[in-house]
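Reader: I've got a single chain open and I'd like to learn how to read it feature by feature. Could you walk me through it?

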Amino acid sequence: LPALPAQLDALGDVEQQALQQRLDVQAARTELEGLQGSLGLTRATRLVNVLDLGALRTSESGKPPEIGYEISIEIPLFDWGEARVAKAEAIYLQGAHKLAGAVLD
């Protein structure tokens, strides 16, 4: 066997290095980044159902088909998307607590 070294090599911040190399912490961090993007998308598109645009084709027997476009505008009187945003925020906070738990473990 080789001889033991006279002194140990100086390691930097071992705890920080261990946190960066743990796979469960990396997976939780990646999941949290995805949840953060999902939360931002939910906030940005909370009123998407306000405007619908589509193609329309109707046909009745004995008449030529009618082809055109249809625009529908919905006025959100009661649903402003708060429930979807609250759900996305709760899921994001769950991911943040999961990451914190993995770091503490």
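Author: Let's go from the overall outline to the core, the surface and the charged pairs. Keep in mind that this is a predicted model.

Reader: Fine. Which elements does the protein chain hold, and in what order do they run?

Author: Start by listing the elements from the N terminus. Here there are three helices and two strands, and they run α-α-β-β-α.

Reader: How does the radius of gyration of the protein chain stand against that of a compact globule?

Author: The idea is to set the value beside what a globule with that number of residues would have. For 105 residues that would be near 13 Å, but this chain comes out at 28 Å. The spans along the principal axes add to the picture: the C-alpha trace covers about 100 × 35 × 15 Å.

Reader: What share of the residues counts as buried?

Author: Just 13% of the 105 residues do. The cut-off you need is that buried means under 20% relative accessible area, while exposed means over 50%. As for the total surface, the accessible area is about 9,000 Å², and carbon and sulfur atoms account for 60% of that.

Reader: And the contacts? What part of them joins residues 24 or more positions apart?

Author: Among contacts with a separation of 6 or more, 58% are between residues at least 24 positions apart.

Reader: Let's go inside. Which residues make up the largest nonpolar core?

Author: The general idea first: in soluble globular proteins, nonpolar side chains tend to be buried together. In this model the largest nonpolar core has five residues, namely V25, A28, L32, L99 and A102. Helices α2 (23-44) and α3 (82-104) are the elements that each give two or more residues to this core. The largest share, three residues, comes from α2.

Reader: Say I click on L99. What does L99 touch?

Author: Skip the residues up to four places away in sequence, and you find V25, A28, R29 and L32 touching L99.

Reader: Y92 caught my eye too. Where does Y92 lie, and which residues is Y92 in contact with?

Author: Y92 lies in helix α3. Leaving out neighbours within four places in sequence, the contacts of Y92 are L32, L35, Q36 and L39. Y92 has a relative accessible area of 22%, so Y92 counts as partly exposed. For a sense of sequence against space, take Y92 and E31: they are 61 residues apart in sequence, yet their C-alpha atoms are 9.4 Å apart.

Reader: Is there a pair to set beside that one?

Author: Try L93 and W80. They are 13 residues apart along the chain, and their C-alpha atoms are separated by 22 Å. L93 is also found in helix α3, and L93 counts as partly exposed because its relative accessibility is 47%.

Reader: Now the surface. Which residues make the nonpolar surface patch?

Author: To read a patch, look for nonpolar side chains that sit together with area left open. This one is about 1,000 Å² and is made by L53, Y69, I71, I73, I75, L77 and F78. Strand β2 (residues 66-73) gives the most to the patch, with three residues.

Reader: Where is L77 placed, and why does L77 count as exposed?

Author: You'll find L77 in the loop between β2 and α3. L77 counts as exposed because its relative accessibility is 62%.

Reader: Last one: how many salt bridges does the structure hold?

Author: Four. For each, check the N to O distance and then where the partners sit. One of them pairs K98 with E31, with the closest N and O atoms 3.2 Å apart. That pair links distant parts of the chain, K98 in helix α3 and E31 in helix α2, 67 residues apart. Both partners are partly exposed: K98 has 48% relative accessibility, and E31 has 37%.

Reader: Which residue does R43 meet in a salt bridge?

Author: R43 meets E89, at 2.7 Å from N to O. This pair also links distant parts of the chain, with R43 in helix α2 and E89 in helix α3, 46 residues apart. R43 is partly exposed at 43%, and E89 is partly exposed at 30%.

Reader: And E60 with K63, are they buried or exposed?

Author: Their side chains meet in a salt bridge at 3.7 Å, N to O. E60 counts as exposed, at 52% relative accessibility, and K63 is exposed with a relative accessible area of 52%.

Note on methods:
Residues numbered from 1 in each chain as written. Predicted model: local features only at pLDDT ≥ 70, side-chain atom pairs only at ≥ 80, totals over all residues. Heavy atoms only, no water. Core = buried A, V, L, I, M, F, W, Y, C linked by side-chain atoms within 4.5 Å. Buried < 20%, exposed > 50% of the residue type's maximum accessible area, 1.4 Å probe, protein only. Helix = DSSP H or I, 4+ residues; strand = E, 2+ residues; numbered from the N terminus. Contact = heavy atoms within 4.5 Å. Patch = residues over 30% accessible without salt bridge, like charges linked within 9 Å, V, L, I, M, F, W, Y side chains within 5 Å. Areas by Shrake-Rupley, 256 points an atom, 1.4 Å probe, with all protein chains shown as cover. Rg over C-alpha atoms; globule rule 2.2 N^0.38 Å.
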